[in-house]
Amino acid sequence: MNGITVPMAIVDFIPVVLFFIAAVILQRDLYNKMVKGAYSLLAAGSIMVLLGGFYKALWKALYALKVCDFVALDQAFFPLQGPGFILICMALAFVNLGSVKKSSSSMTARSSVPILGIVLPYTSNIIFIIMQVIGYGGICFFLARIAKKMKVRSAVVLFILAFVFVLAMGYLGAKFDDSSSMHWIAQLTNIIGQGSLFLGVYKLHKAGLGK
């Protein structure tokens with residue numbers, strides 16, 4: 001990992017922060033528009049995705065600072081983010097299926113606990129990468145659908161862009177050569193993707209999603 005530098009490691013926290021802000025806005029705006037179980041999935045999935053991104057950024061920072069090479073932080077990225085995105089996608093599906101009032105449900109945040117315990121022993125990330133693409137794609141689809149219903153066309157475009165740049169991240173991952181330039185390209189691509197998601201969510205918020 002010779003391409004990792006301290007400035008690069010610091011920049012890696014930017015998409016994590018962007019996702020965190022977007023997740024908080026969504027949770028506040030959708031609190032009264034989801035059944036209890038769906039909201040629990042949204043919260044649990046957001047935490048998993050946030051932890052996955054934070055752990056990887058922290059690993060890069062520790063490596064760049066020559067503190068240690070804590071590979072477990074890096075290895076937790078896909079096992080946390082893949083299922084996390086799926087949970088968020090499932091939660092948003094409830095909003096689009098007409099669950100607009102908060103009510104009791106048999107589903108709770110505990111439903112994500114078995115996933116947290118199961119995903120970590122796997123050595124291959126293929127299944128988690130597939131989950132990540134499907135989950136993130138579903139998130140962008142459902143958010144774009146909400147934006148279309150609210151007639152916020154700019155947000156629709158932003159959610160499409162967010163998914164396109166996530167696909168671009170997958171392409172870069174397949175072509176990754178560990179050079180400094182490749183690291184920076186990946187960083188910029190990720191920031192634009194998460195920035196698009198954040199701006200789309202913010203536009204929905206300003207348009208009255210939480211009302």
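## Overall fold

The protein has nine helices and zero strands, where helices (H or I, at least four residues) and strands (E, at least two) are DSSP runs numbered from the N terminus. Along the sequence the pattern reads α-α-α-α-α-α-α-α-α. This is a predicted model, in which local features need pLDDT of at least 70, side-chain atom pairs count only at pLDDT 80 or more, and totals for chains, interfaces and linings use all residues. Residues are numbered from 1 along each chain as its sequence is written, and side-chain values use heavy atoms, with hydrogens and water left out.

## Burial and contacts

Of the 211 residues, 47% are buried, meaning under 20% relative accessible area with a 1.4 Å probe and protein chains only; exposed is over 50%, and partly exposed lies in between. Among contacts (heavy atoms within 4.5 Å) with a separation of 6 or more, 82% join residues 24 or more positions apart.

## A nonpolar surface patch

I126, I129, I130, V133, I134 and L167 form a nonpolar patch on the surface, together offering about 490 Å² of accessible area. Helix α7 (residues 126-149) supplies the largest share of this patch, five residues. One residue of helix α7 is V133, which counts as partly exposed at 31% relative accessibility.

## Confidence

Mean pLDDT, the predictor's confidence in each residue from 0 to 100, is 84 for the protein, and 82% of residues reach 70 or more. Among the elements, helix α2 (residues 13-30) has the highest mean, 95, and helix α6 (residues 113-119) the lowest, 41. Over residues 97-121 pLDDT stays under 50. Where pLDDT is low, the predicted coordinates should not be read in detail.

Technical notes:
Patch = residues over 30% accessible without salt bridge, like charges linked within 9 Å, V, L, I, M, F, W, Y side chains within 5 Å. Areas by Shrake-Rupley, 256 points an atom, 1.4 Å probe, with all protein chains shown as cover. Salt bridge = Lys/Arg side-chain N within 4 Å of Asp/Glu carboxyl O.
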